[in-house]
Amino acid sequence: MRLFCRRAVNAFIALLLILVVSPRIHSQATNYPDKPPLLLGAAWYPEQWPESRWDQDLTLMEAAHINLVRVAEFAWSTMEPSEGHYEFDWLDRAIALAAKHHICVVLGTPTAAPPAWLTTKYPETLRWDENGRRDEHGNRQQFSFTDPKYRQFAHNIAEQMAIHFGPNPNVVGWQLDNEYANPSFDPTAKEQFHRWLEKKYGTVAELNRRWATAYWSQTYDQFDEIPTREDGENPALLLDWKRFVSDTWKNYSENQVSAIRPHADPRQFITTNTMGWFDGFNEYTVHSVLDIAAWDNYITGNYDYVANGATHDLARGFKNKNYWVMETEPAFVNWHKVNSPLLRGQVRDMAWQAVGHGAEAVEYWQWRSAPNGQEEYHGTLVGADGTPVPVYDEIRQVGEEFTKAGSAIAGTSPHSEVALVNDYDSRWAISFQRHSANFDPVGEMVAFYRPLREQSQSVDIISINAPFDGYKVIELPGLNVISQKTADRLMEFVRNGGHLLLGPRSAMKDEFNALQPERQPGPLAAFLGGRVDQFYALDADVPLSGDLGSGTASIWAEQLSTQSPDTTVVERYGKSNGWLDGQPAVLTRKVGKGRITYVGAWLDTALLNDITGGLLEEAGVQPILPGVPKGVEVCRRSGQGKSVLILINHNTDSAHVSLPEPMRDLIGAQSTAVNAVDLPPFGVAVLTRE
Ligand code: GLA
Ligand code: GLA
């Protein structure tokens with residue numbers, strides 16, 4: 001049996017693959033045909049400035065090839081200065097003036113920042129925190145996401161905006177609210193949670209059974225007794241609370257979608273701006289009522305381009321198609337401990353990375369800082385004096401390049417043969433009971449993503465409910481919560497020739513966050529022909545060795561055993577806590593036309609890299625462009641008979657990249673085809689065949 005042989009990269013096969021368009025269709029993010037194919041934008045707040053200033057701002061934007069502004073998402077007190085009295089003339093004029101400068105508009109509904117008159121007159125619209133403390137005016141996101149009165153005001157302002165701006169040809173789309181985040185624990189939220197539970201379980205007896213409430217006398221006699229908490233409660237309650245919160249953000253969105261859709265031009269999309277891996281709610285649930293995904297790409301700490309690329313792929317997976325970067329930083333933010341800037345060149349690098357992963361728009365937050373307010377120190381494109389700051393030129397260059405490469409990129413998107421599953425239920429379940437404080441589910445996702453991305457150069461990050469067909473490899477780094485239905489789908493994927501890799505803590509819980517009646521991986525244990533005998537949180541690294549070489553495990557290690565003669569032990573633990581000594585750490589089994597592999601520990605990068613390499617080779621997954629220097633990212637977008645390679649040198653040194661055939665760099669100095677490109681530090685090439 002061939003098991004995880006080392007791969008021999010074949011450059012010519014990879015070259016052929018460049019032209020192959022996978023059967024998976026990623027449609028365009030927006031159907032507005034008269035907008036530029038790649039948009040460069042900025043968050044603009046005309047309400048904060050005298051109107052006499054607007055033309056100068058828009059002139060400077062146009063000079064930087066900015067062709068998009070997002071406006072109004074915090075302008076409620078300007079648009080509805082008193083109850084039921086709407087003032088949109090100023091915004092009409094701002095949009096018209098932007099259009100004169102060839103700049104189109106995304107309109108934000110202002111519901112993340114209610115006006116003072118509203119929360120003063122209707123204090124029930126204010127959010128309650130978990131301990132029953134009511135929020136107040138002066139910051140933002142102080143509203144209750146369940147309160148009917150707030151819903152009514154949100155519907156009204158969204159509807160009035162849609163009636164007024166829906167027919168405006170310069171409006172390409174709508175952003176609902178801004179960065180949904182905090183649930184409310186007010187009496188309405190509590191009441192709605194109880195009704196949600198009642199609908200789900202039917203009887204309180206069924207809830208008691210599923211939640212095993214005999215434990216600590218948690219037994220409920222009626223739904224109304226159940227607390228609303230996001231910490232410290234029965235994990236079954238905590239999981240249902242998160243699902244309730246997800247459904248509530250979904251119907252919070254629907255409330256506004258139903259106000260906008262009847263009046264908006266059908267070509268205008270509706271989205272909201274999300275926050276990457278944020279786990280406050282299930283993004284797939286909320287995105288089921290949105291047209292496209294959009295996210296706000298801010299760097300925490302140093303720019304780790306692989307981790308950042310993963311977040312782009314996550315956002316693309318929210319709707320399984322191209323998406324927007326609704327906000328990103330013009331070199332620095334104001335909310336870290338130390339707000340150090342990106343290096344010169346990295347702002348452009350990040351813009352192209354976004355496009356490489358499927359973004360159709362990149363927007364900077366923000367154009368110019370408000371004259372006062374909480375964000376005076378945040379990065380901008382122009383200073384308080386209204387003239388460009390140094391990063392303006394770098395962004396202007398991005399704009400120039402988007403213009404040059406736009407038509408080649410139009411209608412294309414990334415296509416992947418490998419997928420990583422992001423599952424909110426599982427991430428929540430692990431986070432409620434980490435058992436090892438260092439077991440960060442996102443850190444684990446990124447650890448598995450890293451070698452997959454570096455070796456295949458294209459990864460989809462998908463929901464467990466997304467279709468599996470078309471993928472050769474699917475990895476589930478931490479599918480802690482699993483239903484029988486999901487287990488059945490995964491087994492079918494393997495039988496049909498798929499390669500499935502499960503990470504530690506997989507398949508431990510059922511959909512009620514209860515322990516599976518069988519050992520891990522629960523409903524997949526018999527299929528694997530192996531199981532987890534015990535799990536251990538680690539306070540010291542554990543050595544491993546086996547067919548794929550040696551390495552270490554940290555944070556988490558599971559003692560595995562085989563139950564089937566054709567299940568192979570790939571790696572074993574060395575000497576550690578006695579329990580693990582000599583025990584299996586990685587198992588694999590061929591089933592049907594495919595393979596299932598269980599990795600029982602958080603492995604070091606090199607070993608995970610080797611395991612991933614073996615898996616990809618056996619599954620026949622080739623890199624897009626083999627042999628590129630380390631730190632050079634390869635992205636490919638294809639579709640409509642086109643194929644574009646985007647190369648980004650994330651290094652601080654130059655890099656030389658040989659091409660498999662002559663290609664033309666659409667943003668380079670040379671207009672003829674080349675056989676190789678030399679990329680300066682943070683250099684980018686956008687290549688097509690000619
Ligand atoms: C305490 C409690 C037990 C149990 C254990 C767990 O001793 O009395 O009910 O929670 O801790 O270690
Ligand atoms: C978020 C918000 C913006 C702004 C930026 C600052 O993304 O959506 O309004 O506060 O952060 O980084």
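**Packing of helix α12 against α13 and α11**

In this predicted model, helices α12 and α13 are roughly parallel to each other (an angle under 35 degrees), because their axes cross at roughly 25°. Helix α12 spans residues 346–356 and helix α13 residues 391–409, and their axes come within 9 Å. The crossing in which α12 passes α13 is right-handed, meaning that the near helix is turned clockwise from the far one by less than a right angle. To the contact (heavy atoms within 4.5 Å), α12 contributes Gln-346, Val-347, Arg-348, Ala-351, Trp-352 and Val-355, while α13 contributes Val-391, Glu-394, Ile-395, Gln-397, Val-398, Glu-401, Phe-402, Ala-405 and Ile-409. Sorted by class, ten of these residues are nonpolar, two polar and three charged, where Ala, Val, Leu, Ile, Met, Phe, Trp, Tyr, Cys and Pro count as nonpolar, Asp, Glu, Lys and Arg as charged, and the others, Gly among them, as polar.

Helix α11 (residues 305–319) also packs with α12, at an angle of about 40° and with the axes 10 Å apart. That angle makes α11 oblique to α12, a term for angles outside the ranges under 35, over 145 and 65 to 115 degrees. Here, too, the crossing of α11 past α12 is right-handed, and the contact joins Tyr-305, Asn-308, Gly-309 and His-312 of α11 to Met-350, Gln-353 and Ala-354 of α12. The contact of α11 with α12 comprises three nonpolar and four polar residues, with no charged residues.

Residues are numbered from 1 along each chain as its sequence is written, and chains are lettered from A and ligands numbered from 1 in the order in which they are written. Local features need pLDDT of at least 70 and side-chain atom pairs count only at pLDDT 80 or more, whereas totals for chains, interfaces and linings use all residues, and side-chain values use heavy atoms, with hydrogens and water left out.

Terms used: Axes fitted to C-alpha atoms, helices over the stretch in contact; angles between N-to-C directions. Helix = DSSP H or I, 4+ residues; strand = E, 2+ residues; numbered from the N terminus.
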